[in-house]
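Thanks for making the time this morning. I would like to walk through the empty spaces in one structure and then the packing around them, so please have the viewer open.

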Amino acid sequence: MRVVVAMDSFKGSLTSLEAGNAVKKGILQEASCQVVVKALADGGEGTTEAFVEGYGGEIITVAVEGPYGRPVEATYGWLKEKQMAIMEMASSSGIMLAKKSEMNPLKASTFGFGEMILDAAGRGARTFLLGIGGSATNDGGLGMLTALGYEYLDKEGVPVDKTGESLGKICSVSFEKVHPLISQCTFQVACDVNNPLLGERGATAVYGPQKGVTPETGKVLEEGLLNFSKVTRDALHRDHSDSSGAGAAGGLGFSLLSYLNAELKEGVKLVLEAVKLEEDVKHADIIFTGEGRIDAQSSMGKAPMGVMELAKKYNKRVIALGGSVTKEISKLNELGMDACFSILNEVVTLEEAMKKETAEKNLTQTASQIMRLLV
């Protein structure tokens with residue numbers, strides 16, 4: 001028998017691989033079989049750690065410029081053998097790095113994210129997996145591109161500043177100083193929103209208010225992004241302003257598509273492809289997945305549902321384990337999850353249930369009992 005275990009992290013308790021190895025231990029207590037454990041995430045928080053832990057990479061810390069100009073220490077994952085960097089833009093340009101009193105996306109920039117990319121490219125990275133959720137910015141990616149060497153010029157031919165308020169001043173773009181390594185790199189982006197760059201569903205209107213955009217500054221930013229998109233179209237002879245995901249992260253999605261030829265994918269699908277889970281699932285007899293809480297949200301594109309969809313593609317049985325399982329799981333059964341189990345075996349406090357040793361013990365015991373039935 002061949003079993004594949006692909007668990008998402010149990011936030012606050014276990015990493016993806018710790019959860020997977022606890023399940024593996026329980027399986028092997030009851031059956032002599034081959035067990036493959038794969039790191040899993042949905043492209044958001046925890047994705048970097050999952051890849052680094054799963055592939056023996058390392059966490060790189062680099063000093064970059066934060067969203068409002070202050071220096072911050074950003075981190076990313078570096079897999080040397082794969083020449084791959086895994087980055088979350090929130091580490092350099094995230095909303096959690098901004099003080100509430102200073103939040104004004106006219107002044108915010110993704111410059112630090114570009115600095116992260118350059119650092120990894122200089123280290124040897126040629127494949128980039130990027131998570132772009134949680135931004136504090138609405139600069140259309142202008143800051144990131146400026147860091148990479150793109151120059152955006154005003155009507156006098158002078159480079160504009162790298163913040164959102166400069167978008168409306170751009171008249172042309174120069175490619176002369178773009179870092180030569182960028183053309184050697186490929187970019188895949190975890191993006192779970194389909195908003196365009198502009199309009200009622202665009203970056204400024206939908207996500208701006210939570211970043212400090214007011215009706216007045218919103219008008220300036222919207223007009224600036226429109227101008228930026230026109231200059232980009234004239235320079236590159238393509239227009240991604242209406243593309244799905246162009247409005248992600250304050251328009252960062254637009255720049256990634258337009259200038260870096262990035263491929264935007266659902267976070268779960270991007271991660272599953274990167275860890276090559278499909279090949280393992282294809283040859284498996286049973287698949288285990290799960291996360292800390294299994295509820296209706298688990299059917300909304302999260303990691304366990306991505307695993308389930310792969311399993312059903314090859315008519316494989318798939319079982320989900322969760323710290324808690326709510327009454328909506330029948331919805332998951334209807335979608336194809338063969339069974340869902342809570343790993344809690346007695347009434348305990350949430351604090352006790354979330355202890356690492358408790359979660360590991362409960363996962364191992366539950367997997368063991370399930371395997372007794374299956375074999």
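Which residues line the largest cavity? Before I answer, let me say that this is a predicted model, so please take every value that follows as computed from predicted coordinates. The lining of the largest cavity consists of Gly 43, Thr 47, Ile 86, Met 87, Leu 129, Leu 130, Gly 131, Ala 190, Leu 270 and Val 271. A search of the whole structure finds one cavity of 30 Å³ or more, and the space in the largest cavity comes to about 60 Å³. If you sort its lining by class, you get seven nonpolar residues, three polar and no charged. In terms of elements, strand 5 (84-88), strand 6 (127-131) and helix 9 each contribute at least two residues, and the largest share, three residues, is that of strand 6.

Let me turn from the enclosed space to the open ones. The largest pocket has a volume of about 690 Å³ and a lining of 30 residues, with Gly 44, Ile 132, Gly 133, Gly 134 and Asp 192 lying nearest its centre. That lining divides into 11 nonpolar, 11 polar and eight charged residues, whereas the cavity lining, as I said, has no charged residues. Helix 8 (248-259) and helix 9 (267-274) each supply at least two residues to the pocket lining, and helix 8 provides the largest share, which is three residues.

The second largest pocket holds about 460 Å³ of space. It is lined by 23 residues, and those closest to its centre are Lys 11, Gly 292, Arg 293, Gly 323 and Ser 324. Strand 11 (286-294), strand 12 (317-325), helix 13 (350-353) and helix 14 (356-374) are the elements that give two or more residues to this lining, and the class count here is eight nonpolar, eight polar and seven charged.

Now to the packing, where I would begin with a general remark: in soluble globular proteins, nonpolar side chains tend to be buried together. In this model the largest nonpolar core has 51 residues, and Met 87, Phe 128 and Tyr 152 have the most contacts inside it. Helix 8 gives the most to this core, with seven residues. Met 87 will be familiar, since it is also listed in the cavity lining. Phe 128, leaving aside residues up to four places away in sequence, touches Ala 85, Met 87, Ile 117, Ala 120, Ala 121, Cys 185, Thr 186, Phe 187 and Gln 188. There is also a second, separate core of 31 residues, and its members include Phe 51, Leu 129, Ala 274 and Ala 311; Leu 129, again, is a residue that lines the cavity.

What does helix 14 pack against? Its buried residues pack against strand 1 (2-7), helix 1 (16-30), strand 11, strand 12, strand 13 (339-342) and helix 13, and among those buried residues are Leu 363, Ala 367, Ile 370 and Met 371, together with polar ones such as Asn 362 and Thr 366. As a check on its geometry, the 19 residues of helix 14 should span 27 Å at 1.5 Å a residue, and the end C-alpha atoms are 27 Å apart, so the two values agree.

Within strand 12 we find Ala 320, which counts as buried because its relative accessibility is 1%. Beyond four places in sequence, Ala 320 touches Thr 289, Ile 294, Met 337, Ala 339, Cys 340 and Phe 341.

Finally, two backbone angles that I would ask you to look at. Most residues other than glycine have a negative phi. His 237, however, has a phi near 60°; His 237 is found in the loop between helix 7 (215-236) and helix 8, and it is exposed, with a relative accessible area of 70%. Ala 249 likewise has a positive phi, near 55°, but Ala 249 is found in helix 8 and counts as buried at 11% relative accessibility.

Note on methods: Residues are numbered from 1 along each chain as its sequence is written. This is a predicted model: local features need pLDDT of at least 70, side-chain atom pairs count only at pLDDT 80 or more; totals for chains, interfaces and linings use all residues. Side-chain values use heavy atoms; hydrogens and water are left out. On a 1 Å grid over the protein atoms alone, a cavity is a set of points where a 1.4 Å probe fits but cannot get out, and a pocket is an open set with protein on both sides within 12 Å along at least five of seven lines; lining residues have an atom within 4 Å of a point. Grid points are joined across faces, edges and corners, and a volume is the space filled by probe spheres set on the points. Helices (H or I, at least four residues) and strands (E, at least two) are DSSP runs, numbered from the N terminus. Ala, Val, Leu, Ile, Met, Phe, Trp, Tyr, Cys and Pro count as nonpolar, Asp, Glu, Lys and Arg as charged, and the others, Gly among them, as polar. A nonpolar core is a set of buried Ala, Val, Leu, Ile, Met, Phe, Trp, Tyr and Cys residues joined through side-chain atoms within 4.5 Å. Buried means under 20% relative accessible area, exposed over 50%, partly exposed in between (1.4 Å probe, protein chains only). Contact means heavy atoms within 4.5 Å. The expected span of a helix is 1.5 Å times one less than its number of residues.
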